[in-house]
Amino acid sequence: MKLRSWVCCSALLLAAWLVAGVAQAQTLEPGQAELLRADDAEPPDPGDPRWQTVALPDAQQTPVAWYQLVFTLPADAAEHLQQDAWMLYLPYFYGGGRVWLNGQLIGAVPETTEHTRVRWERPHLLALPPSLLHNGANRLQLRVAASQAPAAAMLPRLVLGPQSALQEQFDLRLFFVRTVPVITVVVSLVAGLFSLYIWLRRPQEQVYGIAGLVGVVWALRTTTFVFDMLPVWAWPIWRLLYHASNGGFIVLLAVFALHLARWQPRWLVRALLGWWALGPLVYVFGGASIGAEQWVARWWVAGLIPIGVMGALVAVLAAWRRPSAERALIALVFVLTLLSGVHDYLVAWQSPWFRALLPQWSAHRFFLLHYGANLLLLTMGGLITLRYVRNLRALEDSHRTLEARVAQREGEIAASYARIAALQREQAATDERQRIMQDLHDGLGAQLFTSLLRAERGALDAPQMSGVLRAAIDEMRVALDALGSDDGDFTAAWTDFRFRWDARLREAGLATRWRQELPEETLVLPPHSTLQVLRIAQEALTNVLKHAQARAVEVTLAWRGGLLQLEVADDGVGMAAPGGAGHGLVNMHARAARLGGRLQQVPRPRGCCWRLELPLAQTRDGLPH
């Protein structure tokens, strides 16, 4: 892409050179004219002895200067005037003025007045009416007014010729001195503000701030090619902005080079900023006068040249110490921009040796700093954009690396939590088994041991022995029901218990009714808590079989108001029946207390009803022994 741009630029310059060569072959470009210093509104007498011959281009420190020259229309041109009119081409006409051909006014460019200030950077192409042109000698007279920047009446090396030969020169110069600056102002301002926005969001990236300021000040400086006429009150403000932006551009470029070289001594930066402020201050305290304008334009701007040289040297040194394609490119463009700035200074002040070296070029006052600066800004913008893209890629890579590390850590943490959870489940299962084993040892073990001692003494007959064994089997089955569900599903354990006891109660001749009012989701209880609930239910049903003398029994298991409720009701003789319940009721209360619940007797007209209320949330967290 860069190679293509260079090829296009080279082709454009070559085409311009060829056009200029062809135009010179078909046009007249007088090298001399006659000068008369006078403020007359009409052309002075051609025979006035005050006329003196001067070389073109010419500049006079006077408010108004009159120039006249005589040219001969070629014989072949006179035959084609109607098809290809002759024109007067003025590459620049800073202060404006008026033009006469053979004593007749043919054109006027506005001059500075009491209300306006003018500075015509753009070229002018004025038609020479065929009716006024003579076959022989023709006299051209020009009133040239001075502008305030520069403060002189200046006449360029004008060109006379057919429109077909001059139109391309005019269009080309108009493109470079008007269209390109307008584009430069817009692009530089937008790019500079965008770069400053990035710097405000990332203050540590100083390169964006410096580049942004360079773009903004260059946009302001380029407006000198955009505005040709301003009100009197706005002129000093505009010139102040021009001087401030002109110096700011050079100083900020030097600071940019220092930043690239990673060498920014405070005293040097302060000295650069001080020189930057000096020119605008002199202009302001000088009353924006012509004298202040000339001092700033000549001496203060001259002081900017060594600053530009320093910036270029620093850029070259940075490329030498830390070689890279980017630093080499920026150093090359710095040098080219410096050379274009020196060129413009020599052209602006009409250096005699520069005019002797390049007479044709210097005569047209074609300034190059704008194009060298544009190339430098494009290079800076490209490098900054490349740096921005690299930073984005680095940020994306770091994000991906961070995401991978976070994912790896999350996986490790998840695995650790899984191991901890597995260990906790294993420990909980071990604890539950220990509780149940301890319960079996204290309950079933003690019962079997006592029954064994009684049997050895012959104190148990066959029916008693059968009852003892049946009770042991019931105790064992309850324990198996509590341990039968791996996920702690109390409903499954209750279903097994209900199936076994329903058959047993019916064998004893009791009518049974089982009611269950539980939520649809699984009711989870720790195995030890399930064992205690089932033992309470078993003890209550055992009492019904042994002591209640009932004909029916109703068992209800329900979830009400955050409580698990178990009710066992019968239609027997109640608590007044002979034989009592022994230690069974005491054990039932003890088990309920161990679960954190409450066991109470519910009054009813006939029989007995026991209700267990158990806080389920507490049960899910594991209950105390």
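**Helix packing and some local geometry in a predicted model**

On one side of helix α15, Val586 and Ala593 are exposed. I start there, and I should say straight away that this is a predicted model. Helix α15 runs over residues 584-594, and its buried residues are Gly584, Met588, Arg591 and Ala592. Looking down the axis of α15, those buried residues fall within an arc of 100°, so they line one face of the helix. Val586 and Ala593 are on the other side. Just after α15 comes Gly596, with a positive phi of about 80°.

Now the whole chain. It has 625 residues, and 44% of them are buried. There are 16 helices and 18 strands. If we take the contacts with a separation of 6 or more, 74% of them are between residues 24 or more positions apart.

Next, helix pairs. Two packed helices are described by the angle between their axes and the distance between the axes. I have two pairs to show.

The first pair is α5, residues 235-260, and α7, residues 290-321. Their axes are 8 Å apart, at an angle of about 15°. Angles under 35 degrees count as roughly parallel, so α5 is roughly parallel to α7. The crossing of α5 past α7 is left-handed. Which residues make the contact? On the α5 side they include Arg239, His243, Ile250 and Leu258, and on the α7 side they include Glu293, Trp300, Leu304 and Met310. By class, the residues of this contact are 15 nonpolar, five polar and two charged.

The second pair is α13, residues 490-507, and α14, residues 527-548. Here the axes come within 11 Å and cross at roughly 15°. These two helices are therefore also roughly parallel to each other. The crossing of α13 past α14 is right-handed. From α13, the residues in the contact include Phe490, Trp494, Phe497 and Trp501, and they meet residues of α14 including Val533, Leu534, Gln538 and Leu541. The contact of α13 with α14 has eleven nonpolar, three polar and one charged residues.

Back to α7 for one residue, Val316, which lies in that helix. Is Val316 buried, partly exposed or exposed? Its relative accessibility is 38%, so Val316 counts as partly exposed. Leaving aside neighbours within four places in sequence, Val316 is in contact with Ala331 and Val335. Phe334 is 18 residues from Val316 along the chain, and the C-alpha atoms of the two are separated by 8.5 Å.

Last, some backbone geometry. Most residues other than glycine have a negative phi, and most peptide bonds are trans. Here are three places to set against that.

One is the peptide bond from Leu56 to Pro57, which is cis, with omega near 0°. Pro57 is in the loop between β2, residues 52-55, and β3, residues 58-60.

Another is Arg262, which is not a glycine but has a positive phi of about 60°. Where is Arg262? Arg262 lies in the loop between α5 and α6, the latter being residues 266-285. With a relative accessible area of 68%, Arg262 is exposed.

Then there is Gln549, also a residue other than glycine, with a positive phi near 50°. Gln549 sits in the loop between α14 and β15, where β15 is residues 552-560. Gln549 has a relative accessible area of 57%, so Gln549 is exposed.

Technical notes. Residues are numbered from 1 along each chain as its sequence is written. This is a predicted model: local features need pLDDT of at least 70, side-chain atom pairs count only at pLDDT 80 or more; totals for chains, interfaces and linings use all residues. Side-chain values use heavy atoms; hydrogens and water are left out. Axes are lines fitted to C-alpha atoms, for helices over the stretch in contact, and angles run from 0 to 180 degrees between N-to-C directions. Helices (H or I, at least four residues) and strands (E, at least two) are DSSP runs, numbered from the N terminus. Angles under 35 degrees count as roughly parallel, over 145 as roughly antiparallel, 65 to 115 as roughly perpendicular and the rest as oblique. A crossing is left-handed if the near helix is turned anticlockwise from the far one by less than a right angle, and right-handed if clockwise. Contact means heavy atoms within 4.5 Å. Ala, Val, Leu, Ile, Met, Phe, Trp, Tyr, Cys and Pro count as nonpolar, Asp, Glu, Lys and Arg as charged, and the others, Gly among them, as polar. Buried means under 20% relative accessible area, exposed over 50%, partly exposed in between (1.4 Å probe, protein chains only). The arc is that of the directions from the helix axis to the C-beta atoms.
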